[in-house]
Structure formats: structure tokens, C-alpha cells
Amino acid sequence: MAAAANGARALTIATGQPGGEVAAQEVLVRPDGYVAWAPSSPEPDIAGLGSALTSWFGISLG
């Protein structure tokens with residue numbers, strides 16, 4: 001997501017296809033491999049991503 005790239009230089013952004021059925025369009029994965037954020041909405045959730053980045057990594061998109 002462009003918002004994450006602009007606001008959080010410490011992130012690695014990757015794209016891919018799930019190996020099975022996944023209900024989320026985007027996911028934020030912590031360095032330990034756990035999913036920190038995965039919205040089920042088909043529309044991008046920038047506010048939710050910002051909250052997750054702040055909670056887990058101390059990063060602000062603003």
C-alpha cells in the first residue's frame with residue numbers, strides 16, 4: 001500500500017497470492033510471523049492500518 005510506503009520506511013512491503021482461501025485483502029505481519037492486522041473489508045482500511053502500525057511498531061502514517 002502506498003500509504004504504508006510513504007509513512008513507514010522501516011517496513012518491507014511484499015505482494016503475493018495466498019496458498020488457500022483468505023478473507024483479507026491486505027495483511028500486516030509482525031517480524032515474528034504473526035498477523036497483526038488483516039481487515040475483511042474489500043476496500044483498503046487506511047485508518048485500521050495506521051492504528052495497527054502505531055500499536056505494534058510505533059510508526060505513524062501521518
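How many helices and strands does the protein have? The model, which is predicted, has two helices and two strands. From the N terminus on, these elements run α-β-β-α. Helix H1 covers residues 2-7. Strand E1 spans 28-29, strand E2 spans 35-37, and helix H2 takes in residues 46-57.

Confidence varies along the chain. The mean pLDDT of the protein is 79. A value of 70 or more is reached by 82% of the residues. Confidence is lowest in H1, where the mean is 50. It is highest in E2, at 88.

Overall burial and packing were computed next. Of the 62 residues, 24% count as buried. The accessible surface comes to about 4500 Å². Carbon and sulfur atoms hold 51% of that surface. Among contacts with a separation of 6 or more, 37% join residues 24 or more positions apart.

The largest nonpolar core has seven residues. These are Leu 28, Ala 36, Trp 37, Leu 49, Ala 52, Leu 53 and Ile 59. Strand E2 and helix H2 each supply at least two residues of this core. H2 gives the most, with three residues. Ala 36, one of the core residues, is in contact with Leu 28, Val 29, Arg 30 and Trp 56, leaving aside its neighbours within four places in sequence.

Helix H2 was examined for length and burial. Its twelve residues should span 16 Å at 1.5 Å a residue. The end C-alpha atoms are 16 Å apart, so the expected and modelled spans agree. The buried residues of H2 are Gly 48, Leu 49, Gly 50, Ala 52 and Leu 53. Leu 49, Ala 52 and Leu 53 also appear in the largest nonpolar core. An α-helix has 3.6 residues a turn, so residues three or four places apart point the same way. After H2 comes Gly 58. The phi of Gly 58 is positive, near 70°.

Phe 57 also belongs to H2. Is this residue buried, partly exposed or exposed? Phe 57 counts as partly exposed because its relative accessible area is 29%, between the cut-offs of 20% and 50%. Beyond neighbours within four places in sequence, Phe 57 is in contact with Leu 28, Val 29, Arg 30, Pro 31 and Ala 52. Two of these partners, Leu 28 and Ala 52, are listed in the largest core. Phe 57 and Arg 30 are 27 residues apart along the chain. Their C-alpha atoms are separated by 8.7 Å.

Arg 30 also takes part in a polar pairing. A search of the whole structure finds one salt bridge. The side chains of Arg 30 and Asp 32 meet there, at 2.6 Å from N to O. Asp 32 counts as partly exposed because its relative accessibility is 47%.

Tyr 34 lies in the loop between E1 and E2. At 55% relative accessibility, Tyr 34 is over the 50% cut-off and therefore counts as exposed. Tyr 34 nevertheless touches Leu 28 and Val 29, not counting residues up to four places away in sequence. Leu 28 and Val 29 recur as partners of Ala 36 and of Phe 57.

Technical notes:
Residues numbered from 1 in each chain as written. Predicted model: local features only at pLDDT ≥ 70, side-chain atom pairs only at ≥ 80, totals over all residues. Heavy atoms only, no water. Core = buried A, V, L, I, M, F, W, Y, C linked by side-chain atoms within 4.5 Å. Buried < 20%, exposed > 50% of the residue type's maximum accessible area, 1.4 Å probe, protein only. Helix = DSSP H or I, 4+ residues; strand = E, 2+ residues; numbered from the N terminus. Contact = heavy atoms within 4.5 Å. Expected span 1.5 Å × (residues − 1). Salt bridge = Lys/Arg side-chain N within 4 Å of Asp/Glu carboxyl O. Areas by Shrake-Rupley, 256 points an atom, 1.4 Å probe, with all protein chains shown as cover. pLDDT = per-residue confidence, 0-100.
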